[in-house]
Amino acid sequence: MKRILTGLQPTGIITLGNYIGAIKQMVKYQDMYESYLFIADLHSITIPQDPNELSKNIKSLLALYLACGIDPKKNKIFIQSENLYHANISWLLECNTYYGELSRMTQFKDKSRKNANFTSGLLTYPVLMASDILIYDVDYVPVGIDQKQHVELARDIAIRFNKKFGETFKIPEPLISTEGTKIMDLVDPTKKMSKSSDNPKGVIRILDEPEVIRKKIMSATTDSDTIIKFDPINKPGISNLINIYASLSNKKIDEVEKLFVNKKYGELKKEVADLVITELTKIQSRYYELIKSKELDQILDDGIKFTSEIAKKKYELMKNKMGLHR
Ligand code: AMP
Ligand code: TRP
């Protein structure tokens, strides 16, 4: 079975967009691949975090993923900062990565432009990500398109290291899903629904209360027309609602169009709200049970034990090849 690994940053409460676009894919992947899933807390501190918020977010994110259908029996789940080898291996890799490569990363350029007072962690972040990936000799790395460049860097670093010190790492490939639908903001349906949006009305969070969800969907921006048709260019708001309906009901777009032919916008909104509320309240009730249970700690303890052993072996192998031994 091919192996995959992905990391999730514990920042902010995930949205309906994350759920439909990423989590549902991962739930599917867990039956197709040997899966590793970790909370990338070391990555999140490249940007300042409130310590209390961060520690809450770490467990909360894990509970949310499990509530959404990630099965701890089918995934190796762990917290990055608990596996001491990730940062150590990252250092060994950093000394085989060029400053020029890192300063050219699009995400670094964007983020460092926004805040001139950035930390050096923001620059070296992709090397830590390469470490996460290369430790486990994975075949594929499921990521959003914004992370593709980082996976490509991990490949370059691995190829270079193998050439210099002998076969050490498997060369990974990014796995960019073309299936996951992009969910748009409810207020401005020309932009992606995003965790970091400044208008909360456009974004449905997984833990939003049912009445809040209904209100946001009922007041979603549409158009002055009356026809329910999938046309993202001319009817982005209606198309977004059709998309949400199709994803959550596992129907095709044209089936949804047929279902709502001759119906009013208000009826579509009501049906979408019902569907989202049904799906999210199921997730929420599992979440609130998990977050107070001991199960999470048990899962994390098992995960760290398993992955630390693999990472230790990789670290020893690298050290030996590099001459870091007695
Ligand atoms: P982010 O929240 O940007 O860190 O993204 C985490 C994952 O969720 C990535 O795989 C994204 O592609 C996916 N994702 C985020 N927002 C959306 C959205 N509005 N629609 C679909 N997928 C999304
Ligand atoms: N950098 C990724 C993000 O911001 C998270 C991440 C860290 C990751 N390490 C990884 C993703 C390894 C895939 C593989 O979303």
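This passage walks through the nonpolar cores, one helix and the cysteines of a predicted model.

The place to start is the largest nonpolar core, which takes in 59 residues. Five of its members touch the most others in the set: Leu 16, Tyr 19, Tyr 65, Ile 217 and Val 276. As for where the core residues come from, helix 12, spanning residues 265-291, supplies the largest share, with ten. There is also another core lying apart from this one, made up of 35 residues, and Phe 78, Leu 93, Val 127 and Ile 304 are among them.

Back in the largest core, Tyr 65 gives a feel for how things pack. Leaving aside residues up to four places away in sequence, Tyr 65 is in contact with Leu 8, Ile 14, Ile 23, Met 26, Leu 37 and Ile 70.

Helix 4 is worth a look too. This helix runs over residues 85-94, and its buried residues are Tyr 85, His 86, Ile 89, Ser 90, Leu 92 and Leu 93. Viewed down the helix axis, these buried residues fall within an arc of 160 degrees, so they line one face of helix 4. The spacing fits a general rule: an α-helix has 3.6 residues a turn, so residues three or four places apart point the same way. The cover over the buried residues of helix 4 includes strand 3 (75-79) along with three helices, namely helix 7 (120-135), helix 8 (148-165) and helix 13 (295-322).

Last come the cysteines. The structure has zero disulfides. Cys 68 counts as buried because its relative accessibility is 8%, under the 20% cut-off. Cys 95, on the other hand, is partly exposed, at 47% relative accessible area.

Notes. Residues are numbered from 1 along each chain as its sequence is written. Chains are lettered from A and ligands numbered from 1 in the order in which they are written. This is a predicted model: local features need pLDDT of at least 70, side-chain atom pairs count only at pLDDT 80 or more; totals for chains, interfaces and linings use all residues. Side-chain values use heavy atoms; hydrogens and water are left out. A disulfide is a pair of cysteine sulfur atoms within 2.5 Å. Buried means under 20% relative accessible area, exposed over 50%, partly exposed in between (1.4 Å probe, protein chains only). A nonpolar core is a set of buried Ala, Val, Leu, Ile, Met, Phe, Trp, Tyr and Cys residues joined through side-chain atoms within 4.5 Å. Helices (H or I, at least four residues) and strands (E, at least two) are DSSP runs, numbered from the N terminus. Contact means heavy atoms within 4.5 Å. The arc is that of the directions from the helix axis to the C-beta atoms.
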